Amino acid sequence: MNAIDKIYSNKVGISFFWKRETQDIMPKVQLVFRDIGFLLNLSELKDFSDSCTETLQSQCCADCKDPKNCRSLLLKTPSDKIDLAVSKDELYQIQELINETILKVEVQNWVKDLCLN
């Protein structure tokens, strides 16, 4: 864990910076959940959060017996060739992970900019 700077984690995943990339002006965030890793910039994280919101507005199957845990929602990822089948509970956790990561990165950037002035 010495090679990373953790940003946020919850029960579904973790987000962090690779220490070797923290010297970059706009380092990318590694977002890992469900055994999948995404290396994303802040704009891509915001787009991914928007995809979560859109997916939350969609409906499960009409005759679904367990809509909270059924993986019938299709979440678009930052890769236009990959969508994930997720449950509503997973989707809430994924969106929390993404939104808290965005918040912490934006605060970190704001503090860094404030210190430069």
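**Glutamine 93, the cysteines and the salt bridges**

Leaving aside residues up to four places away in sequence, glutamine 93 touches Asn10, Lys11 and Val12. This comes from a predicted model. Glutamine 93 sits in helix α2, which covers residues 88-116. Its relative accessibility is 18%, and because anything under 20% is called buried, glutamine 93 goes into that class.

Next, the cysteines. The search for disulfides, run over the whole structure, comes back with zero. Cysteine 52 is buried, at 0% relative accessibility, whereas cysteine 70 is partly exposed, with 24% of relative accessible area.

Salt bridges are another matter: the whole structure has five of them. One of these pairs lysine 19 with aspartate 5, side chain to side chain, at 3.8 Å from N to O. Lysine 19 belongs to the loop between β2 (13-18) and β3 (29-33), while aspartate 5 is part of strand β1 (residues 4-9), so to speak a link between distant parts of the chain, 14 residues apart. Lysine 19 is partly exposed at 36% relative accessibility, and aspartate 5 is partly exposed as well, at 31%.

Helix α2 turns up again in the salt bridge between the side chains of glutamate 90 and arginine 34, with an N to O distance of 3.8 Å. Here glutamate 90 is the helix α2 partner and arginine 34 lies in the loop between β3 and β4 (36-40), so the bridge ties together parts of the chain that are 56 residues apart in sequence. As for exposure, glutamate 90 is buried, with a relative accessible area of 13%, but arginine 34 is partly exposed, at 27%.

A further salt bridge brings together the side chains of glutamate 106 and lysine 46, at 2.7 Å from N to O. This pair also links distant parts of the chain: glutamate 106 is in helix α2 and lysine 46 is in helix α1 (residues 42-56), 60 residues apart. Glutamate 106 has a relative accessible area of 33%, which makes it partly exposed, and lysine 46, at 35% relative accessibility, is partly exposed too. Some of the bridges also share partners, and in this way Arg34, Arg71 and Glu90 are joined into one network.

Methods. Residues are numbered from 1 along each chain as its sequence is written. This is a predicted model: local features need pLDDT of at least 70, side-chain atom pairs count only at pLDDT 80 or more; totals for chains, interfaces and linings use all residues. Side-chain values use heavy atoms; hydrogens and water are left out. Helices (H or I, at least four residues) and strands (E, at least two) are DSSP runs, numbered from the N terminus. Buried means under 20% relative accessible area, exposed over 50%, partly exposed in between (1.4 Å probe, protein chains only). Contact means heavy atoms within 4.5 Å. A disulfide is a pair of cysteine sulfur atoms within 2.5 Å. A salt bridge is a side-chain nitrogen of Lys or Arg within 4 Å of a carboxyl oxygen of Asp or Glu.
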